[in-house]
Each structure stands twice: as C-alpha cells, then as structure tokens.
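User: I have a structure here and want to go through it step by step. Please keep the answers short.

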Amino acid sequence: MNSKERVPGKDGGPVAIGQLPTGVSGLDEILGGGLPEYSFNIIAGAPGCGKTTLAHQIMFANATPERPALYFTVLGEPAIKMLRYQQQYSFFDQAKLDGAIRFINLSQLVLDNDLGAVLEEIIREVEGSKASIVVVDSFRTVVRKALTGGPGGSNELELQGFIQRLALHLTSFQATTFLIGEYVEGEIRDNPVFTVADGLFWLYQSVARNSIVRKMQVMKLRGQESVPGLHTFRITDSGLQTFPRTFGLNGDKSGRAKGGRRLSIGVPKVDSLMGGGIPEGDSLLLAGPSGGGKTVLGIQFMAEGLSRGEPGIVAMFEEVPNEYLQRAASFGFDLEKHVNDGLLRLIYLRPLDLSVDETVHEIVTAVKEIGCKRLVIDSLVGFEMALAPDFRTDFRESLYRMIGALTRLGVTIISTVEVEENFTSMGLSNFTISFLADDILRLRYASINGQLRKLMMVVKMRRSKHSIDMVSYDVTSTGLKIGEPMRGYQALTSGIPGPWAPHSAGVPQSLVSPEKAAGKHRKKSPAKKTPPKKKSGRKNVGNRTR
C-alpha cells in the first residue's frame, strides 16, 4: 500500500493504519489487533526482562527478502553471541539470515563520530535495503555517548533533534522501528525519546520470595486502543508468551443466557436439594472441611457429564493427574478412557510462581479446543498457594474475572474450597468469595452422639428455590450417599448440636419464650388450706369503715 492510498479524506473516512503481527502469543490482543504499521516504538525495561527476545520475535515474524529487517547493535552484545542464544527459541529461522534479516554493528561509528554520522549511516542502510523492520539495540547507549561530551558530544537539544529526524526518516521509508533501552520509569518525564515515540512497551521483572514475576505494560500506543494494565508474560522455549487480562475473550459478545437447563451433579438426592440440579452456566462453590468429600462430588459431577457426552475439564492444583484418575477409579469411575478419547482433559498447574492470567489462559484455551461444558477447579486453596506472592494480594479480584470469563463461554463450574471448622460458626470460605458464586453447597462436620457426622446443606441458589433441609451423608465406595434430613436437633450449623426438648412439640427451645416455657411446664403444687381469719368487730360498708 503506497502513501497516496493513505491520504485522509479521499473516501471521507480516517487514514487506514495497517497492523503487523507480533509473533508473540497474546500480544496482538493486548495491542488491539497488532502493531501499528510504520510506527516508532520503544521497548524499555531493566536488564533481563526480555527486551531483546521480544524484538527478535517481532523481527522474525515479519521479515521477508522483499521487506527485510535491519538489526543495529551499539556497544552491546556482538551479533554472533546474540544469535547463539536466540537460536534456542522455536521462532528462530536460520533461513531468514540469508537475505531477510541483517545485523549491523554501529559500535565503532558511535565511538568515533557524532549523532549526525550515526543518523546518516542508519538512513543509508535503511534506504538501500528497503527495510520494513528496524531495531536499534541499545539506543540508550547512543544517548549516553551523545550526552557525555568528548569526541562527537552533543547537548540535549541536539539529541532531541536527532531523535525527531530519525523518526521522520524511518517513517517516511515505511519502516516500523524499535529502539531498545535499559530505562527506568523516572526518565519518562524528561527524556525526549518518549515524547517522539508512537508506542512504548515497558517490561518489568520482580522477585517475590522464591518467585520471579514478569509483567508488560503498553504505556503508550498511538492510533488504536490497547488493553490497559499490567499483563503477565513468560519467557519459554517459544520466546515470550503474554497472558492478556481479557483472557482471550475480548471479542466474545455471546452473552449466553444462564440457567436454560439443569445439569445433574451426579447424585439424584443432591439434585433434588438444589431444586433440580445446577443451572447450566452457573458457578457453584463447594465448601467444606478436609475429608468431607469435595473432590469425590466433583468426580461424580464430571462423570455424570461424560456419560452424557458432555466434554469436561478438571483443573487440579493439589493432585497430579495419575493420582486423580486412580482416586476416581477407586469409586468406580473410569475417567481414563475419556481422557484417551479426548472428551476429558486434565490440567495440572502446580508451579509456585503462577499468575491468575496464565492459569485462566490455560483453561480457556482448553475450553475452546474441546468445547467444554463442565469444569471442576480443585481446589481454590491449592490455586492460591500455586500463585506467586505478588498475585495473592488480589486473589479475589482475579477470581472474579476468571469465573466471569468462563461462565460467559457457557461453562458450568464447580470450585472446591477447604473451610477450617471451628465448631462455633459456619463459614463459607476463608477468602470471602461467596459473592462470586451463583450457588453454594456447604459440607460440614457435626458431633452427634459421640460420632463425627457429615452434613450437607444448600446455602444459596441464585436462580431457583432450594431445599432448606440439612441432610446427613456418607462417603462410600461408590461416591456420596445422601441420608435423611436431620430432625430433632438444634444448633446444627454450629457443629455441636443438641437435641430439641421433647416438651417443645417440634419447636426449638430457643424459639420458646422463657416465660411461656416456665408457665407451661411448671408443676402445680397442691393448694394450701389457710385458716379462716378472725372477724373483727368492724363492718365494711362500701368504702367506709365502721
């Protein structure tokens, strides 16, 4: 596309800005579709953040023999050393080094000459090769040399003029440019290069205890809307991989209605307690103590869906997949065959430096790939422990975004969470996240007749009525077996119930007023005979005494 085709006003609309793919998973979505073509960009951050790798990834994704890429190195790593490490990534294409990508060392030129000579050399190379991608690494070195004086030294005004001329020439040559530098955020206000730049990508790296967390922020991007905020990324054998805060659902406008039908949880009596099962697309919080059968009920929920041909995913943070399959088999559920036929996918996420965005990216990708209908997250406590410390502070906010993103896809979710019993109250979770769930099923222990009994109750159903009974249950060799509603006890929610008084006729003693209870059940004592009073000589007539 030539410049004449881009003249504004020709068709009454704005100038059309082309977009280039970055070659980085998730980054195009963060940028709103890709890199603005012919833009002048800065990739900034501390050493070790992945700046050079990001630039190489973009360069290899776009360079062709017809529109090659030029990579200028300045007092940094020699090209041969840089390539030795970059070729370890899967995006590296050795064939592109023969015509599509060239490395040019400007170190001696920068040391011996002023900014004008550096500008002339860059322009000469770009114009001669018709380069579409230009990278200067490290541009910060050019700036430092220019401001330190000595041979070829320049002042700040000359530096600003150099940057503006560089941007003007490269844009006019239809090149998309990246200047790499080890900057700190305090320089943004005073450094002229940030004013001229069309795009500013800032990479961060922080250490929290034993975890390393990398984040990226698009601080500036002219001409198009980007996703704001900090986005987690990892450096893998594929290069950079970003995890947008939109979870890959930025363009999903489906807005599927929830509760169109009911899904069986796999235990008919539990379905009955819930008014017919879980409304499709709901998020159910399954809260209870350790050993209460949360994982078993999750297995039954998943097995029920698989028997109906509904694809499912189990995201586990505590057990490895083999242990999970063995546990399911011990209750008579053969989940392994569904893993083999692709109907069930097990996702095991247990590193200690996860981000919520990274976790949900794995889950959402799997949901889309298999058309998942049922999802079990086992458990939220393990999920939190798997996160890097930086992400635990906003755990609730992250869960809110995660559950919203998944239910928008029409997925029905059961999330298990362990609750520590204190036998004085009935908490729903230790994270104050009950408001995130559409439905809540609470399991708990109660001490009855010298036995530790298991109780189940439905606390919340957002879209329907539900039973208010508290029922007993047992974990058997075939799964959960539901008993009868608990009758004849008071204070069951405390975990230390007591019998209802037989004289209360089915009404808890606490609901009988003390006065009524005392008056109704006080034994009548026989009336005492009182001796007759002696008559006085006076007679009472009306109100007068005589």
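## Questions and answers on the model

Analyst: This is a predicted model. The accessible surface of the protein chain is about 26900 Å². Carbon and sulfur atoms hold 51% of that surface.

User: How many helices and strands does the protein chain have?

Analyst: The count covers the secondary structure of the protein chain. It comes to 17 helices and 26 strands.

User: What percentage of the residues in the protein chain is buried?

Analyst: Buried here means under 20% relative accessible area. The protein chain has 546 residues, and the buried share is 49%.

User: Among contacts between residues at least 6 apart in sequence, what share joins residues at least 24 apart?

Analyst: The question leaves out pairs that are less than 6 apart in sequence. Of the contacts in the protein chain that remain, those joining residues at least 24 apart make up 68%.

User: Are the rings of Phe317 and Phe383 stacked or edge-to-face?

Analyst: A search of the whole structure gives eight aromatic pairs. In the pair Phe317 and Phe383, the ring centres are 4.8 Å apart and the planes meet at 15°. Planes under 30 degrees apart count as stacked. The angle is 15°, so the pair is stacked.

User: How many residues apart in sequence are the parts that this pair ties together?

Analyst: Phe317 sits in the loop between β15 (312–316) and α11 (321–330), while Phe383 belongs to helix α14 (residues 380–386). Both Phe317 and Phe383 are buried. The pair therefore ties together parts whose separation in sequence is 66 residues.

User: Which residues form one aromatic cluster?

Analyst: The cluster is made of aromatic residues. Its members are Phe60, Tyr89, Phe91 and Phe92.

User: What distance separates the end C-alpha atoms of helix α16, and why does it agree with the expected span?

Analyst: Helix α16 (residues 395–407) has 13 residues. Its buried residues include Phe395, Leu399, Met402 and Leu406. At 1.5 Å a residue, the helix should span 18 Å. The distance agrees with that span because the end C-alpha atoms are 18 Å apart.

User: Which residues does a cis peptide bond join, and where do they lie?

Analyst: Most peptide bonds are trans. One cis bond has omega of about 10° and leads into Ser138, in the loop between β6 (133–137) and α6 (139–147). Another has omega of about 5° and leads into Ser379, in the loop between β17 (374–378) and α14. The joined residues are Asp137 and Ser138, and Asp378 and Ser379.

User: Tyr38 and Lys130 have a positive phi. Is each one buried or exposed?

Analyst: Tyr38, with phi near 65°, is in the loop between β2 (35–36) and β3 (40–45). Lys130, with phi of about 55°, is in the loop between α5 (115–129) and β6. Relative accessibility is 14% for Tyr38 and 56% for Lys130. Tyr38 therefore counts as buried, and Lys130 as exposed.

User: Which strand gives the most to the lining of the largest cavity?

Analyst: The structure holds two cavities of 30 Å³ or more. The largest has a volume of about 60 Å³. Its lining includes Ser283, Leu284 and Leu285, along with Leu380, Ile403 and Ile433. The most, three residues, comes from strand β14 (residues 283–288).

How values were computed: Residues are numbered from 1 along each chain as its sequence is written. This is a predicted model: local features need pLDDT of at least 70, side-chain atom pairs count only at pLDDT 80 or more; totals for chains, interfaces and linings use all residues. Side-chain values use heavy atoms; hydrogens and water are left out. Rings of Phe, Tyr and Trp (its six-membered ring) pair if their centres lie within 6.5 Å; planes under 30 degrees apart count as stacked, over 60 as edge-to-face and the rest as tilted. Helices (H or I, at least four residues) and strands (E, at least two) are DSSP runs, numbered from the N terminus. Buried means under 20% relative accessible area, exposed over 50%, partly exposed in between (1.4 Å probe, protein chains only). The expected span of a helix is 1.5 Å times one less than its number of residues. Contact means heavy atoms within 4.5 Å. Accessible areas come from the Shrake-Rupley method with a 1.4 Å probe; for residues, only the protein chains shown count as cover. On a 1 Å grid over the protein atoms alone, a cavity is a set of points where a 1.4 Å probe fits but cannot get out, and a pocket is an open set with protein on both sides within 12 Å along at least five of seven lines; lining residues have an atom within 4 Å of a point. Grid points are joined across faces, edges and corners, and a volume is the space filled by probe spheres set on the points.
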